[in-house]
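Reader: Hi! Could you pull up the model and walk me through a few of its features?
Author: Happy to, here it is.

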Amino acid sequence: MRFHNLSLFLLGSQIASTSAFAPQTVQNARTSLYATNPQQNVVDTIESIDATVKGALSGMALAAALWTAPALMAGTMDQFPSVVSNDAFSSSIASAKEMASGSGTRVNKDPESLLRYGLPIKNKEVRDLQKSIEDIKINVSSKRKSAALDDLKKARGIINTKESKMTASCRDAKVCSDILASMKSDLEPLEGTLRASVDYQSGSDQERKALDDSYLTQDKIQKKLTTLEEQMIPAGYQTPVPSDYDDLPQLKGRATVEMVVKKTGGEKFDIEGQLFNEAKMKMIIDGYAAPVTSGNFVDLVQKGFYTDMDIQRSDGFVVQTGDPKGEADGYVGTPSKSVGAGKHGERLIPLEIFPKGDKGPFYETTIEDEGRGGEATVLPFSSYGAMGWAREEYDPNTGSSQFFWLLFDSDLTPAGKNVLDGRYPVFGYVVEGADFLRDVKEGDIIASAKVTEGAENLVQPK
């Protein structure tokens, strides 16, 4: 199906009138109008409105692309470039870099960070530690070496003075103490490479190596941080799910899925000039934030449903698959009594949305239909490669097996301020190999999809 310019604009106009966009647009304009410098105020106002409108148009295009029936999402999307120009995208990206997310901070694009924040834990001290450690990565990436050293000092101070408050939240305090000791030990070589990078000439090979070593050590530390935070999940914790959905698979925790995609005819994946025979991706599937959606996906992976399936859409906005050959639009299997079956016998699952601050997800309705438009969800669409579940536009309970990876620039989709959060569930992120999505095209084949960790967390229907 082709989308015409007029229909896209009308759909986008309708979206722009919702609470997700309109208040933000007005608020930005009013703030600029009341600036202290009258002359600069006029320029700022014009630039702010211009960038905001362009950003909204970019969001409209994305919404129009996604608000379609799953069977149609694999259709041709070649009308999009004429809706929003490249200049509009570039301008909106530039302004969005300063846009606040739903949590009031910079847009968080790091999938592993988002997964840590999505854990069902309550410990202020470990969140402070997490921020300091993650800020080291941000500052190393932008060569703000002194700032990275300051963050390292903060992290060390938190470990030294707040250990008891952190271990008090752990299922096993001794395990957490050992993790913290190991993290503290790793801070020493990290400090050494950071200080060395300060001494080297900017742009030199020595500086680059020192920063690369710092980046690798920081990554080692943040993985230990993840293990520490996972120890803080209460024993036996399960995200509450209404009993209506007991006849659907559910993921009670997290699982790791590894997927290999290949091109036909022996072609290779070209990632910034480097060629690869296959695309390998590692995904964390989150049953804490989306137990029913995640359970459905992991169940289908284990059944081999996605193996040998082709990629059905790749348009610069999303990469999508999950539509089997034949008349059915999804997986045909035993349906849920509460949701029922699709017109061709597809097993359907309910729309599942988990707003930040709630005790669990709500089902079968969007966040705007609940009167909560603009609220952030536990897992947002703010990371390249975020995984969302496809459905028909006007029926929230039509998802079956089709899902997508988001490719749209996350600067344009901060948490709670976009047209995706609360309308589609995020059920996982690509944590390794996301760059391959840049060259995954329609017709590429999923050679394998396997659950490599967490299979024991899948609970089959009663």
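**Salt bridges, a helix and cavities**

Author: Let's start with Arg208, which counts as partly exposed because its relative accessibility is 41%. Keep in mind that this is a predicted model.

Reader: Thanks! Which residue does Arg208 form a salt bridge with?
Author: Its partner is Asp212, and the closest N and O atoms are 3.1 Å apart. Both residues lie in helix H9, 4 residues apart, about one turn of the helix.

Reader: Why would a spacing like that suit a pair of side chains?
Author: An α-helix has 3.6 residues a turn, so residues three or four places apart point the same way.

Reader: And is Asp212 buried, exposed or partly exposed?
Author: Asp212 is partly exposed, because its relative accessible area is 35%.

Reader: How many residues does H9 have, and how far does it reach?
Author: H9 runs over residues 205-230, so to speak 26 residues, and spans 38 Å from its first C-alpha to its last. That is close to the 38 Å expected at 1.5 Å a residue.

Reader: What covers the buried residues of H9?
Author: The cover includes helices H5 (111-117), H6 (124-141), H7 (145-167) and H8 (173-199). Among the buried residues of H9 are Glu207, Leu211, Ile221 and Leu225.

Reader: Glu207 caught my eye. Which residue does Glu207 meet in a salt bridge?
Author: Lys145, with 2.5 Å from N to O. The pair links distant parts of the chain, since Lys145 is in helix H7 and Glu207 in helix H9, 62 residues apart. Both Lys145 and Glu207 are buried.

Reader: How many salt bridges are there in the whole structure?
Author: A search finds 29. Another one is Arg347 with Asp299, where the closest N and O atoms are 3.0 Å apart. Arg347 lies in the loop between strands S7 (318-321) and S8 (352-353) and Asp299 in helix H10 (residues 291-302), so the pair ties together parts 48 residues apart in sequence. Arg347 and Asp299 are both buried.

Reader: Switching to cavities: how many come to 30 Å³ or more?
Author: The count is 5. The largest cavity has a volume of about 80 Å³, and its lining includes Ala289, Glu352, Phe354 and Tyr424. By class, that lining divides into 9 nonpolar, 2 polar and 1 charged.

Reader: What about the second largest cavity?
Author: Its volume is about 50 Å³. Trp389, Arg391 and Pro425 are among the residues that line the second largest cavity, and the lining has 7 nonpolar, 2 polar and 1 charged residues.

Notes. Residues numbered from 1 in each chain as written. Predicted model: local features only at pLDDT ≥ 70, side-chain atom pairs only at ≥ 80, totals over all residues. Heavy atoms only, no water. Helix = DSSP H or I, 4+ residues; strand = E, 2+ residues; numbered from the N terminus. Expected span 1.5 Å × (residues − 1). Buried < 20%, exposed > 50% of the residue type's maximum accessible area, 1.4 Å probe, protein only. Contact = heavy atoms within 4.5 Å. Salt bridge = Lys/Arg side-chain N within 4 Å of Asp/Glu carboxyl O. 1 Å grid on protein atoms, 1.4 Å probe; cavity = no way out; pocket = protein on both sides within 12 Å on 5 of 7 lines; lining within 4 Å. Points joined across faces, edges and corners; volume = space filled by probe spheres on them. Nonpolar A, V, L, I, M, F, W, Y, C, P; charged D, E, K, R; others polar.
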